[in-house]
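Please work through the following exercises with the sequence and the model side by side, trying each task before reading its solution.

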Amino acid sequence: MTQPIAAGSLAGKRALVTGSSRGIGADTISYFANAGADVVVNFRNKAPRAEKLATQLRELGVRALVQGADLTDPESLAAMFAEVQREFGGLDILVLNASGGMESGMAEDYALKLNRDAQLAVLDAALPLLGEGSRVVFVTSHQAHFIRTTPTMPEYEPVALSKRAGEDALRERIPALAERGIEFVVVSGDMIEGTVTATLLERANPGAIEERRESAGKLYNVSEFAAEVALAAVEPVPADNTRLIGDTSSFNA
Ligand SMILES: NC(=O)c1ccc[n+]([C@@H]2O[C@H](COP(=O)([O-])OP(=O)(O)OC[C@H]3O[C@@H](n4cnc5c(N)ncnc54)[C@H](OP(=O)(O)O)[C@@H]3O)[C@@H](O)[C@H]2O)c1
């Protein structure tokens, strides 16, 4: 993996990425640790993976906390941030990466609960830990970011609508965050090859990935997109608080 952030440049910083035991979240938290940050690996189900990743990251000489928390459960959220406060005393980077809504057997409103309500709940719970100069990054997909103007596959539509609702609700917090010196940025990408979501969508719509690759010219893989998420946490925030990754010409703005 090419490191997007210079080694040592995050020394003394503390970063938490929600849903970081696997996928994009795991690569993002690894980039922070490689740049010298102390990190919190958050998982819901994948405890062994989270522990394994934390062990690897500690070998880099950084502190790595492992915190299991279902973000839709206020009590487990509160417990996670209490532990972060105890161990790290605060946070400099919060990446809202965890997402879902295509899991089977969940209530109809689960996508909205996780992708909107829980994102706000995480931000609220983290707020006392975020000081001046800290950064919050919300991760989303082009299919969700542009859902109001560009239709997506029916299987993904409830997730897309809920993620866009989450993005909008978080954006409403920008002035209040700015007052506290906290920056906020949305980072959005096209379908990412090799992810569970892309695999599920491909299964329901054979050829969907190839079609997106042709429209976009290139699709990012997990480590490439995670590098963009990590950069969003350290590079200057654009005036519209938005970083669109890759080609977006097939989405209506
Ligand atoms: N996949 C794509 O094609 C794509 C494209 C563009 C943008 N993105 C965005 O990138 C981000 C990561 O996507 P991904 O594909 O890596 O996701 P993923 O493979 O589905 O992983 C989701 C992560 O969220 C965690 N999670 C799910 N529900 C949770 C809950 N209730 N509480 C706490 N954690 C929970 C999971 O933890 P456990 O494993 O422990 O359950 C997992 O670590 C998302 O915001 C997504 O919208 C994805």
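In these exercises, a patch is made of residues with over 30% relative accessible area and no salt bridge, where like charges are joined within 9 Å and nonpolar side chains (Val, Leu, Ile, Met, Phe, Trp, Tyr) within 5 Å. The model is a predicted one, in which local features need pLDDT of at least 70 and side-chain atom pairs count only at pLDDT 80 or more, whereas totals for chains, interfaces and linings use all residues. Residues are numbered from 1 along each chain as its sequence is written, and side-chain values use heavy atoms, with hydrogens and water left out.

**Exercise 1. Find the residues that form a positive surface patch, and place Arg44.**

Begin with the conventions: Lys and Arg count as positive and Asp and Glu as negative, while His and the chain ends are not counted. The place of a charge is taken as NZ of Lys, CZ of Arg, CG of Asp or CD of Glu, and accessible areas come from the Shrake-Rupley method with a 1.4 Å probe, only the protein chains shown counting as cover for residues. By these conventions, Arg22, Arg44, Lys46, Arg49 and Lys52 form a positive surface patch.

Next, locate Arg44, bearing in mind that helices (H or I, at least four residues) and strands (E, at least two) are DSSP runs numbered from the N terminus. Arg44 sits in the loop between strand S2 (38-43) and helix H2 (47-58). For its exposure, use the classes buried (under 20% relative accessible area), exposed (over 50%) and partly exposed (in between), with a 1.4 Å probe and protein chains only. Arg44, having a relative accessible area of 37%, is partly exposed.

**Exercise 2. Describe the salt bridge between Glu83 and Arg86, and then the network that includes Glu167.**

Side chains of opposite charge can pair when their charged atoms come close. The criterion for a salt bridge is a side-chain nitrogen of Lys or Arg within 4 Å of a carboxyl oxygen of Asp or Glu, and the structure holds 15 of them.

For the pair Glu83 and Arg86, the closest N and O atoms are 2.6 Å apart. These two residues are three residues apart in helix H3 (residues 74-88), and so they are separated by about one helical turn. Arg86 is exposed, with a relative accessible area of 61%.

Turn now to helix H6 (residues 157-171), where Arg164 and Glu167 lie three residues apart, about one turn of the helix. Their side chains meet in a salt bridge of 3.6 Å, N to O, and both residues are buried. Glu167 also forms a salt bridge with Arg171, the closest N and O atoms being 2.9 Å apart; Arg171 and Glu167 lie four residues apart in helix H6, again about one turn, and both are buried. Salt bridges that share partners join Arg148, Arg164, Glu167, Asp168 and Arg171 into one network.

**Exercise 3. Is Thr140 buried or exposed, and which residues does Thr140 touch?**

Thr140 belongs to strand S5 (residues 130-141), and its relative accessibility of 4% makes it count as buried. Contact here means heavy atoms within 4.5 Å. Not counting residues up to four places away in sequence, Thr140 touches His145, Lys163, Glu167, Val186, Val187, Ser188, Gly189 and Phe225.

**Exercise 4. Characterise Asn241, Asp247 and Asn252 by place and accessibility.**

Take Asn241 first: it lies in the loop between helix H10 (222-232) and S7, and at 15% relative accessibility it counts as buried. Although Asn241 is not a glycine, it has a positive phi of about 60°.

Asp247 follows in the segment after strand S7 (242-244), where it is partly exposed with a relative accessible area of 31%. Leaving aside neighbours within four places in sequence, Asp247 is in contact with His142, Asp190, Ser215 and Ala216.

Asn252 is likewise in the segment after S7 and is partly exposed, with a relative accessible area of 46%. The C-alpha atoms of Asn252 and Phe146 are separated by 6.9 Å, the residues being 106 residues apart along the chain. Apart from residues up to four places away in sequence, Asn252 touches Phe146, Thr149 and Thr150.

**Exercise 5. Place Ala7 and list its contacts.**

Ala7 lies in the segment before strand S1 (14-17) and is exposed, with a relative accessible area of 70%. Residues up to four places away in sequence being left out, Ala7 touches Asn34 and Ala35. Between Ala7 and Ala33, which are 26 residues apart along the chain, the C-alpha separation is 9.0 Å.
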